[in-house]
Amino acid sequence: MIEVLVVDDSKVMRDMVVACLRARERLQFTHAASGLEAIERLSLAPFDLVVLDLNMPDIGGIEVVEFVRAQDKLRELPILIVTTRGDEASRERALAAGASAFMTKPFTPEGILSEVDALLGAAAGP
Amino acid sequence: MTQSVDVREFLQGFLSEADEHLGRITSNLSTFEAAPSQSHPRAIGELFRSLHTLKGLAGMMGVDPIVDLAHAMESLVRRTERRGGRLAPAALDPLVAGTKAITQRVRALADGAAIQPAPESILLALERLADQPGDDDPSASRAALSNLDPAIVEKLGARELDELRQALERGDRVLQVVFAPSPEKAAAGRTITTARAGIGGVGRIVKVLPRAVPASTSAPGGLEFAILVATTATEHALAAAAGVGPDDGTALASAPAAPELGVDDDAFDRASRKGIVRIDVAKLDVALEQLSGLGIGQLRVREEARALAETGVDLRRIVTQLEEQDRRLRRMRATLLGLRMVPLREVLEPLPLIVRGLRNTTGKAVELEVDVGDAELDKTVAERLFPALVHLVRNAVDHGIEPTDERRRRGKPDHGRLRVESVAPSTAMLDIAITDDGGGIDPAAIAKRAGRAVPADDRELLDILTTAGFSSRDQATTTSGRGLGLDIVRHTIEALGGALELDNRPGLGTTFRIRAPLTVAVLDAFAFVAGDERYLAPISVVDAIVEVDPAEVVRPPRKSGGAQPVDMLHTRGDVMPLVSLRDVLGLPRMGEETRALLVRRQGRRFAFAITRMLGRHEVLVRPLVDALVDVPGISGSADLGDGRPTLVLDLPRLGASLARAREALA
């Protein structure tokens, strides 16, 4: 199974992400409702992909990316940013911090699936 | 989203989250309304996040007008955040208007109605403010925290630094607490999320910094969180709540010397499990309904036991058990009802913003004071009471408080005062007074307008004011006069089992007092049969149940046509109209009406003849209609445990409307 960590403070948004990705049968989903919870889960169990919101109540997505990239064991982990912040500055900051890909909300199932397929293909092959 | 995922599937989730965010937005805007000139970094941060999340969700749901509004508000708020949390005075109005516009569109989505585009005027006002240059200078607050470790300071944003600075100015100390996650802790339900919840109970978490550390037995994930807390709590209180050890907790910035904190794993457990769950009230209703079914089942068992006992079987031990079971059911009910309670203070949070809007539309100077202490009330009562309260507040500003020049003439201060106050409630009733220091009500003018005699007292004055359709102004003003009328306000309160009272002081002001039960969900009621139908009536309104002795009924001779005279019942040294409930409800004439329920309303007594009594039940009442679609005499429906809905009759109201009809005929 491919373990996916879906990080967003909105439960509906996490559910929507999972609903879109459910088309890929080998994916298994874990939810995290905050950036801190995401970091905690990543420290305790291995994941193959993180779908990450930027704007969250405790620490933001960029900080999560920065922290993850500073860890040796997480350096290669694919991180897909899915955010309402569609501006170029946010994209640049996220990619500079080490995010693997960046897409904006609202997203379509096709859009997020193709990003995820590309990331998983690049990382290990589906 | 397109074909393969249906957004409708997420509508309920969206509505519930949108509601939560709108509540948070209103509450944070109220913070600025209360102290406009101050900086509120935390409120701004929360505003920003709520708007941002709302925007994202609305985008997924394809509701562009909400996206537009949230985006414009968010841009303005972001600007404010850069200014250190100080909101430009002109910014509050458009933010409030934007919140209202979003709320309307969320409602429309919930009702399946068409969604109006975002009002251009609001968008323009927001954009104009967001574009204004400001003094973005986070370095100012950075300097103020010179005694903090620079390694930590550089990881903090302007908002967090502001928050720290304010905390230190207030006399809080800043402590750092370290939490290292492990699989064992996670399995026991101890995570960074529960740790934050525990610490949040005694202090304000300003920032949580994740730190990579060499993997060890104490930090097997190679991770620890440094949690920055601003707190006034004593070392012991903080240690008990957070459970940090001597090596885990350090003071970072404070006036007094840093304390050493001791480990207490049990305390940590206790504190960290203090989580919060949000529950849909509908689910609590289901639980209460199931409990009510249990109660009815219990009642049947008790009746069976009684019948069995009459045959001579010794059931003492079973009866003891049944009594114990009764007590448990009552405790369970109290617990469930407690879960539905919300603080009145939270319910009234939108009031300052509403009064602010009224100030703008009426041009009157008004100061609002809300002092409701710790009173709590049932969520359902709160939802039904709130529109009535808002109406009374609007009325007070619109009709009560005079324009400034008139106030000066009367020797009153320029600012009108409006006070919403809750007197310490009894265990069952809520008591809210809405007082203004305006001109009061002129009884003679009201009487003239209504074409009635001048009322003798405030009770009669209130009766006239709450006559359906009565309005004290020729034309509806912009703020009052639309929406609920005072008659509906009164009915809403009475339908809840409460009462509206008036204390009118002409020239000096008016007080409306609302008394309402803290909960409506469970009703102690009599079940009875009228005609061939089952009904319920609250025990609280029934003065007595009497046998109808034909010898005590005076039946005036019937007339050949038109309205029939009313039978009178002589009972308990009193004479009162005896009305056949069967006839009133238009039911077939089945069975003798051998009993009567005595009911009193505003000093008048009525006897309602019924076919037979079925007993006393605790039932869960569901409102049948909202206050605007009024079914006279019926206040809701309940389930007696067999799945058949039984109507709950509002007998006092039924009696009053019959009396009015008779007066009209006479």
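**A walk through chains A and B**

An open sheet of six strands in chain B is a good place to start; the strand order is 14-18-19-17-16-15, and the pairing is mixed. The edges belong to strand 14 (542–547) and strand 15 (553–554) of chain B, each of which pairs on one side only. This is a predicted model, so every feature described here is read from predicted coordinates.

Look inside that sheet next. Strand 17 (residues 574–580) and strand 19 (residues 604–610) of chain B run parallel, and three bridges join them. To find the register, pick out B:Ser580: it stands opposite B:Ala609 in strand 19 of chain B. Strands of a sheet pair through backbone hydrogen bonds, either parallel or antiparallel.

Now move to chain A. Here five strands form an open sheet in the order 2-1-3-4-5, and the pairing is parallel. Strand 2 (27–32) and strand 5 (101–104) of chain A are the edge strands, and each pairs on one side only. On average, neighbouring strands of this sheet are turned by 20 degrees against each other, direction ignored.

Two helices of chain A can be placed against this sheet. Helix 1 (residues 11–21) of chain A packs on the sheet and touches strand 1 (2–7), strand 2 and strand 3 of chain A. The direction of helix 1 makes about 175 degrees with that of strand 2 of chain A. Helix 4 (residues 88–97) of chain A also packs on the sheet, touching strand 4 and strand 5 of chain A. The direction of helix 4 makes about 150 degrees with that of strand 5 of chain A.

Stay in the sheet for one pairing. Strand 3 (residues 49–52) and strand 4 (residues 79–83) of chain A run parallel and are joined by three bridges. A:Val50 has A:Ile79, in strand 4 of chain A, as its bridge partner.

Follow chain A past strand 5. The loop between strand 5 and helix 5 (109–123) of chain A holds A:Pro106. The peptide bond from A:Lys105 to A:Pro106 is cis, with omega near -5 degrees.

Next comes the interface. In it, 38 residues of chain B are in contact with 33 residues of chain A. The size of an interface is often given as the accessible area lost when the parts come together. Between chain B and chain A the buried area is about 2,900 Å², and carbon and sulfur atoms give 66% of it.

Polar links cross this interface too. Six residue pairs are in polar contact between chain B and chain A, both residues being at pLDDT 80 or more. The salt bridge count between the two chains is two. B:Arg196 forms a salt bridge with A:Asp58, and the closest N and O atoms are 3.3 Å apart.

Which elements of chain B give two or more residues to the side that touches chain A? They are helix 1 (11–34), helix 2 (41–61), helix 9 (183–187), helix 10 (192–200), strand 2 (204–212) and strand 3 (223–231) of chain B. Helix 2 of chain B provides the largest share, ten residues. By type, the residues on this side of chain B divide into 18 nonpolar, 13 polar and seven charged.

Finally, take in salt bridges across the whole structure: a search finds 44 over all chains. One pair is B:Glu324 and B:Arg327, whose side chains meet at 3.0 Å, N to O. These residues, B:Glu324 and B:Arg327, are separated by about one helical turn because they are three residues apart in helix 14 (residues 316–339) of chain B.

How values were computed. Residues are numbered from 1 along each chain as its sequence is written. Chains are lettered from A and ligands numbered from 1 in the order in which they are written. This is a predicted model: local features need pLDDT of at least 70, side-chain atom pairs count only at pLDDT 80 or more; totals for chains, interfaces and linings use all residues. Side-chain values use heavy atoms; hydrogens and water are left out. Two strands pair if DSSP finds at least two bridges between them. Helices (H or I, at least four residues) and strands (E, at least two) are DSSP runs, numbered from the N terminus. Axes are lines fitted to C-alpha atoms, for helices over the stretch in contact, and angles run from 0 to 180 degrees between N-to-C directions. Contact means heavy atoms within 4.5 Å. Buried area is the accessible area (1.4 Å probe) that two parts lose on being put together, summed over both. A salt bridge is a side-chain nitrogen of Lys or Arg within 4 Å of a carboxyl oxygen of Asp or Glu. A polar contact is a pair of N or O atoms within 3.5 Å; within protein, one must be able to donate a hydrogen and the other to accept it, and residues adjacent in sequence count only if both atoms are side-chain atoms. Ala, Val, Leu, Ile, Met, Phe, Trp, Tyr, Cys and Pro count as nonpolar, Asp, Glu, Lys and Arg as charged, and the others, Gly among them, as polar.
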